[in-house]
Amino acid sequence: MDASVSQFGHLIHPDLNTPLHLPEDASILNILIHAIYDIPFAQYNPPLGTLLEVVRSLKKYGIPLTSCLNPANTLFEEISKRIPQMPLEVYTIAAGDDIF
């Protein structure tokens with residue numbers, strides 16, 4: 001959780017034994033954790049919509065997008081491969097956050 005600048009959206013309490021309740025679907029959380037630690041996740045073959053939700057979740061939980069969305073990272077690579085599927089949606093997210 002050191003990757004977050006906001007203690008994971010202010011959800012992490014000083015007592016680390018307190019469970020976190022996150023509203024995201026497990027498929028999004030799985031890719032989110034992979035993206036934070038830059039662990040390859042192509043084997044899960046997530047759809048582009050899931051990857052874009054991961055980008056929104058990174059912002060929500062205070063993870064700097066520059067740490068997960070640059071050409072050297074898996075998330076960037078996987079989104080780039082899928083741009084032709086939903087170009088307007090990718091452009092909208094990219095332009096709104098000055099990424100890609």
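Helix H3, covering residues 48–60, holds 13 residues and reaches 18 Å from its first C-alpha to its last, close to the 18 Å expected at 1.5 Å a residue. The model in which this helix appears is a predicted one. Much of what follows is told from the point of view of H3 and its partner H2.

The setting can be sketched first. The protein contains 6 helices and 0 strands, and from the N terminus on its elements read α-α-α-α-α-α. Of the 100 residues in the protein, 37% are buried. Among contacts with a separation of 6 or more, 62% join residues 24 or more positions apart. As for confidence, the protein has an average pLDDT of 84, and 79% of the residues score at least 70. Confidence is lowest in helix H1 (residues 7–10), where the mean is 53, and highest in H2, where it is 95. Anyone reading the model at the bench may like to keep the value of 53 for H1 in mind.

Returning to H3, its buried residues are Leu48, Thr50, Leu51, Leu52, Val54, Val55, Ser57 and Leu58. These residues pack against four helices, named here in chain order: helix H2 (26–36), helix H4 (65–68), helix H5 (74–82) and helix H6 (87–97). After H3 comes glycine 62, with a positive phi near 75°.

The pairing of H2 with H3 can be described in detail. The two axes come within 9 Å and cross at roughly 65°, and the crossing in which H2 passes H3 is right-handed. On the H2 side, the contact is made by Ser27, Ile28, Ile31, Leu32, Ala35 and Ile36. On the H3 side, Thr50, Leu51, Glu53, Val54, Ser57 and Leu58 take part. Sorted by character, the residues of this contact comprise 8 nonpolar, 3 polar and 1 charged.

H2 has its own list of buried residues, namely Ile28, Ile31, Leu32, His34, Ala35 and Ile36. The histidine in that list deserves a closer look. Histidine 34 lies in helix H2 and has a relative accessible area of 12%; it counts as buried because this value is under the 20% cut-off. Once neighbours within four places in sequence are left aside, histidine 34 is in contact with Ile39, Pro40, Phe41 and Tyr44.

The loop between H2 and H3 brings two residues with positive phi into view. Just after H2, aspartate 38 adopts a positive phi of about 50°, although this residue is not a glycine. Aspartate 38 sits in the loop between H2 and H3. With 31% relative accessibility, aspartate 38 is partly exposed, because its value falls between the cut-offs of 20% and 50%. Asparagine 45 is also placed in the loop between H2 and H3. Its phi is near 50°, again a positive value in a residue other than glycine. Asparagine 45 is exposed, since its relative accessibility of 56% is over 50%.

Two further residues link distant parts of the chain. Aspartate 97 belongs to helix H6 and, at 25% relative accessibility, is partly exposed. Not counting residues up to four places away in sequence, aspartate 97 touches Lys59 and Leu65. The partner lysine 59 is 38 residues away from aspartate 97 in sequence, while the C-alpha to C-alpha distance in space is 9.5 Å.

Isoleucine 79 offers a second example, this time from helix H5. Isoleucine 79 has a relative accessible area of 0% and is therefore buried, the cut-off being under 20%. Along the chain, isoleucine 79 and proline 46 are 33 residues apart, and 9.8 Å separates their C-alpha atoms.

Note on methods: Residues are numbered from 1 along each chain as its sequence is written. This is a predicted model: local features need pLDDT of at least 70, side-chain atom pairs count only at pLDDT 80 or more; totals for chains, interfaces and linings use all residues. Side-chain values use heavy atoms; hydrogens and water are left out. The expected span of a helix is 1.5 Å times one less than its number of residues. Buried means under 20% relative accessible area, exposed over 50%, partly exposed in between (1.4 Å probe, protein chains only). Contact means heavy atoms within 4.5 Å. Axes are lines fitted to C-alpha atoms, for helices over the stretch in contact, and angles run from 0 to 180 degrees between N-to-C directions. A crossing is left-handed if the near helix is turned anticlockwise from the far one by less than a right angle, and right-handed if clockwise. Ala, Val, Leu, Ile, Met, Phe, Trp, Tyr, Cys and Pro count as nonpolar, Asp, Glu, Lys and Arg as charged, and the others, Gly among them, as polar. pLDDT is the predictor's confidence in each residue, from 0 to 100.
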